[in-house]
Amino acid sequence: MLLSCLGIMMEEDQLMKGDKLVLRGLKFHGFHGVKPEERTLGQKFLVDVDAWLDLREAGKSDRLSDTVSYTEIYRIVKEVVEGEPQNLLESVAHRIASTTFTKFTQITAVRVKIGKPHVAVQGQLDYLGVEIFRMRKIDAQD
């Protein structure tokens with residue numbers, strides 16, 4: 001078990017240094033949350049996504065067909081965040097990751113970070129949220 005965990009950690013470390021598509025500061029209005037006002041009024045959500053895949057061929061060929069268009073990933077995020085309300089941000093992030101794996105088999109890992117800048121918490125803050133990291137090898141079967 002320990003060797004398996006070490007192997008996954010080493011693979012994850014190597015992956016983090018690899019090629020990826022980067023989407024930052026995506027903003028959407030959605031109706032996620034457990035409170036009634038979150039479901040009726042909605043709120044703003046901030047989303048960042050990293051999607052790991054080999055970009056060498058696209059770099060050589062300069063053809064969109066040799067990569068994944070980040071506008072397609074943007075559409076996934078938009079559909080999920082503006083779509084069916086979820087109670088938890090964990091579920092929203094999971095849906096973004098799993099849909100990305102389903103639609104783009106060349107993506108090997110994805111990181112999704114979702115923030116809620118307007119939360120009922122006493123004190124100053126930029127946002128509260130979640131961040132998940134999923135690897136196709138382990139998580140794409142969900």
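**Exercise 1. Which residues does E38 touch, not counting residues up to four places away in sequence?**

Before we start: this is a predicted model, where local features need pLDDT of at least 70, side-chain atom pairs count only at pLDDT 80 or more, and totals for chains, interfaces and linings use all residues. Residues are numbered from 1 along each chain as its sequence is written, and side-chain values use heavy atoms, with hydrogens and water left out.

*Solution.*
- Step 1: place the residue. E38 sits in helix α2; helices (H or I, at least four residues) and strands (E, at least two) are DSSP runs, numbered from the N terminus.
- Step 2: list the contacts, meaning heavy atoms within 4.5 Å. Leaving out residues up to four places away, E38 touches G30, F31, H32, G33, Q43 and K116.
- Step 3: check burial (buried is under 20% relative accessible area, exposed over 50%, partly exposed in between, with a 1.4 Å probe and protein chains only). E38 counts as buried because its relative accessibility is 13%.
- Step 4: look for polar contacts, pairs of N or O atoms within 3.5 Å; within protein, one must be able to donate a hydrogen and the other to accept it, and residues adjacent in sequence count only if both atoms are side-chain atoms. The E38 side chain reaches the backbone nitrogen of K35 at 3.0 Å, and it makes a polar contact with the side chain of Q43 at 3.1 Å.

**Exercise 2. Describe the largest pocket and its lining.**

*Solution.*
- Step 1: set the terms. On a 1 Å grid over the protein atoms alone, a cavity is a set of points where a 1.4 Å probe fits but cannot get out, while a pocket is an open set with protein on both sides within 12 Å along at least five of seven lines; lining residues have an atom within 4 Å of a point. Grid points are joined across faces, edges and corners, and a volume is the space filled by probe spheres set on the points.
- Step 2: get the volume, which is about 320 Å³ for the largest pocket.
- Step 3: go to the centre. Of the 18 lining residues, K35, E38, Q43, K116 and V119 are the closest to it.
- Step 4: assign elements. Those giving two or more residues to this lining are α2 (36-40) and α5.
- Step 5: sort by class. Ala, Val, Leu, Ile, Met, Phe, Trp, Tyr, Cys and Pro count as nonpolar, Asp, Glu, Lys and Arg as charged, and the others, Gly among them, as polar. The pocket lining comes to eight nonpolar, five polar and five charged residues.

**Exercise 3. Now do the largest cavity.**

*Solution.*
- Step 1: the structure has one cavity of 30 Å³ or more, and the largest cavity has a volume of about 30 Å³.
- Step 2: its lining is H94, A97, S98, F101, R134 and D139.
- Step 3: helix α5 (residues 89-103) gives the most to that lining, with four residues.
- Step 4: by class, there are two nonpolar, two polar and two charged residues.

**Exercise 4. Is D50 buried or exposed, and which side chains make polar contacts with the side chain of D50?**

*Solution.*
- Step 1: D50 lies in strand β2 (residues 43-52).
- Step 2: D50 is buried, since its relative accessible area is 2%.
- Step 3: its side chain makes polar contacts with the side chains of R24 at 2.9 Å and R111 at 2.7 Å.
- Step 4: beyond its neighbours within four places in sequence, D50 is in contact with K20, L21, V22, R24, A109, V110 and R111.
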